[in-house]
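Notebook, one sitting. I open the coordinates and write down what I look up, in the order I look it up.

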Amino acid sequence: MSCAALIVAAGSGSRARRNSDNVAKQYVEIGGKPVLQRTIEIFLANDRVDSIQVVIGPHDEQQYGDVIAPLLEGPLATEARAKLLPAVEGGTTRQISVYNGLKALEQIAPRLVLIHDAARPFVTHTILDRCFEALATHKACLVATPVTDTIKKADDKGAIIETIDRSTLWSAQTPQAFDYAFILEAHRKANHQNIDHFTDDALVAEWVGETVYIVEGSPSNRKLTSKEDLTMAETMMGLTEPAPRPLTDTRVGTGYDVHAFEEGTAVIIGGIAIPHDKKLKGHSDADVGLHAITDALLGAIADGDIGTHFPPSDPQWKGAASDLFLKDAVRRVTERGGKISNVDMTIICETPKIGPHRPAIRASIADICSITIDRVSVKATTSEQLGFTGRKEGIAAIATVCVRLPEAKD
């Protein structure tokens, strides 16, 4: 069902200004972005919102233009160009502003509408999903949170005369979600009767006799109404982990390794000991497969090779298990903010037979690299009795990996 978000940004918002601010609260910056821009971004990023209608105050065209300009050029540019409708001017009350926005949406006639305060930039996609779920069976829904404080009723002198049972009390938030045709008609009736004092749209729905249903909100979905709220908002953002940078830098690395046979009882390939009448000769455990993958990862991030970090001349690596080397390469990828997309390894030998051990090798590599086994391919081939592998003098391995890294900052 088509859905429009109607964002109300027409108020003056003078209370939520710091001493350095000279604009309405919806245009005040928190964390380097105007509040309104942050609010719009939530709805741009939601796949179930098809269009966005912003209601602005008179003479706010320039400020609003400054808000949407970076949206039209940034990561959400495609969504912004598709969803953002021309802004409309609000009225002297919130109710009139919403009505103006609803009328502007008549040109597209959405099935559903989410009416949201511009000064609530921390609404989540989880809350929006709850709204959509509720609208499947109801015409009118209100996001709200249970009242947790003890509520007292006092007389005009400040004396408490009653303690209110809070178990049935809810604190209203936005968005308030409606069947579009229903809420437009409800606002139209109120307008025709010159009623413009309703403080939210749930009241308009109640006034025409419709039952409004609660949708669970969140304490973090707070409305910024004071200077203290702005400070708290920036504190919240400071405590939140920064959004990860997109992994758009795709790298491919290759590795190649060879080890000769010597007398022994097993060869180690991919961390798995395969019974054999020989073993592989090397300074470490000579795991030809893990060595090739290690070099492939280091190549993908342009960080030397296995000999750079674990020189064979260093006695501490004598007999070392090669998963140590591969885990270090994985660590280097992770520290760069990267992820391993896949590992493709080919073992070249006449003996031993790799096929029976392939599942165990794949599982071992997946575990060492912290990726799922469906991202690990292990193949085996012979060299048709040609060369040193054909003469059963040793084993070779070729590995190719794909690594995704964050795009480097300029």
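**Entry 1. Asn221.** I looked up the burial of Asn221 before anything else: its relative accessibility is 0%. The cut-off for buried is under 20%, so Asn221 counts as buried. The model is a predicted one, and I read every value below as computed from it.

I then located Asn221 in the chain. Asn221 sits in the loop that runs between β11 (213-216) and α8 (227-239). What does the side chain of Asn221 reach? I found the backbone oxygen of Thr174, at 2.8 Å.

I listed the other neighbours of Asn221, with residues up to four places away in sequence left out. Asn221 touches His116, Arg120, Phe122, Val123, Ile127, Val143, Gln173 and Thr174. Thr174 therefore turns up twice in my notes on Asn221, as a contact and as the owner of the oxygen that the side chain reaches.

**Entry 2. The cis peptide bonds.** Thr174 led me to the next item. Thr174 and Pro175 are joined by a cis peptide bond, and omega there is about 10 degrees. Pro175 belongs to strand β10, residues 170-179.

I noted another cis bond further along the chain. The bond from Thr351 to Pro352 is cis, with omega near 0 degrees. Pro352 is placed in the loop between β16 (339-348) and α12 (358-369). I record these bonds because most peptide bonds are trans.

**Entry 3. Lys25.** Is Lys25 buried or exposed? I read a relative accessibility of 14%, so Lys25 counts as buried. Lys25 is in the loop between β1 (3-9) and β2 (29-30). I searched for a polar partner of the Lys25 side chain. A polar atom of that side chain lies 3.3 Å from the backbone oxygen of Leu224.

**Entry 4. Positive phi.** Most residues other than glycine have a negative phi. I went through the exceptions I had marked.

His59 is not a glycine, yet its phi is positive, about 70 degrees. His59 lies in the loop between β4 (51-56) and α2 (61-73). With a relative accessible area of 73%, His59 is exposed.

Ala302 is also a residue other than glycine with a positive phi, here near 55 degrees. I placed Ala302 in the loop between α9 (288-300) and α10 (306-309). Its relative accessibility is 65%, so Ala302 counts as exposed. The cut-off for exposed is over 50%.

**Entry 5. Gly90.** I looked up Gly90 in the loop between β5 (88-89) and α4 (94-104). Gly90 has 12% relative accessibility and so counts as buried. Which residues are in contact with Gly90, once its neighbours within four places in sequence are set aside? I found Ala10, Val55, Ile56, Ser97 and Asn100. I also took a distance to Asp66, which is 24 residues from Gly90 along the chain. Their C-alpha atoms are separated by 18 Å.

**Entry 6. Leu72.** Leu72 is in helix α2. I read a relative accessible area of 23% and logged Leu72 as partly exposed. Apart from neighbours within four places in sequence, Leu72 is in contact with Ala77, Ala80 and Arg81. Leu84 is 12 residues from Leu72 along the chain, and the C-alpha atoms of the pair are 9.5 Å apart.

**Entry 7. Whole chain.** I finished with the totals. I counted 13 helices and 18 strands in the secondary structure. Of the 410 residues, 47% are buried.

I checked the overall dimensions next. The radius of gyration is 32 Å, whereas a compact globule of 410 residues would have one near 22 Å. The C-alpha trace spans about 100 × 50 × 45 Å along its principal axes.

For contacts with a separation of 6 or more, I noted that 72% are between residues 24 or more positions apart. The exposed surface comes to about 20,500 Å², with carbon and sulfur atoms supplying 51% of it. My last lookup was charge: there are 44 positive and 54 negative side chains. The centres of the two sets lie 1 Å apart.

Key:
Residues numbered from 1 in each chain as written. Predicted model: local features only at pLDDT ≥ 70, side-chain atom pairs only at ≥ 80, totals over all residues. Heavy atoms only, no water. Helix = DSSP H or I, 4+ residues; strand = E, 2+ residues; numbered from the N terminus. Rg over C-alpha atoms; globule rule 2.2 N^0.38 Å. Buried < 20%, exposed > 50% of the residue type's maximum accessible area, 1.4 Å probe, protein only. Contact = heavy atoms within 4.5 Å. Areas by Shrake-Rupley, 256 points an atom, 1.4 Å probe, with all protein chains shown as cover. Lys, Arg positive; Asp, Glu negative; His and termini not counted. Charge placed at Lys NZ, Arg CZ, Asp CG, Glu CD. Polar contact = N/O pair within 3.5 Å; in protein donor to acceptor, adjacent residues only side chain to side chain.
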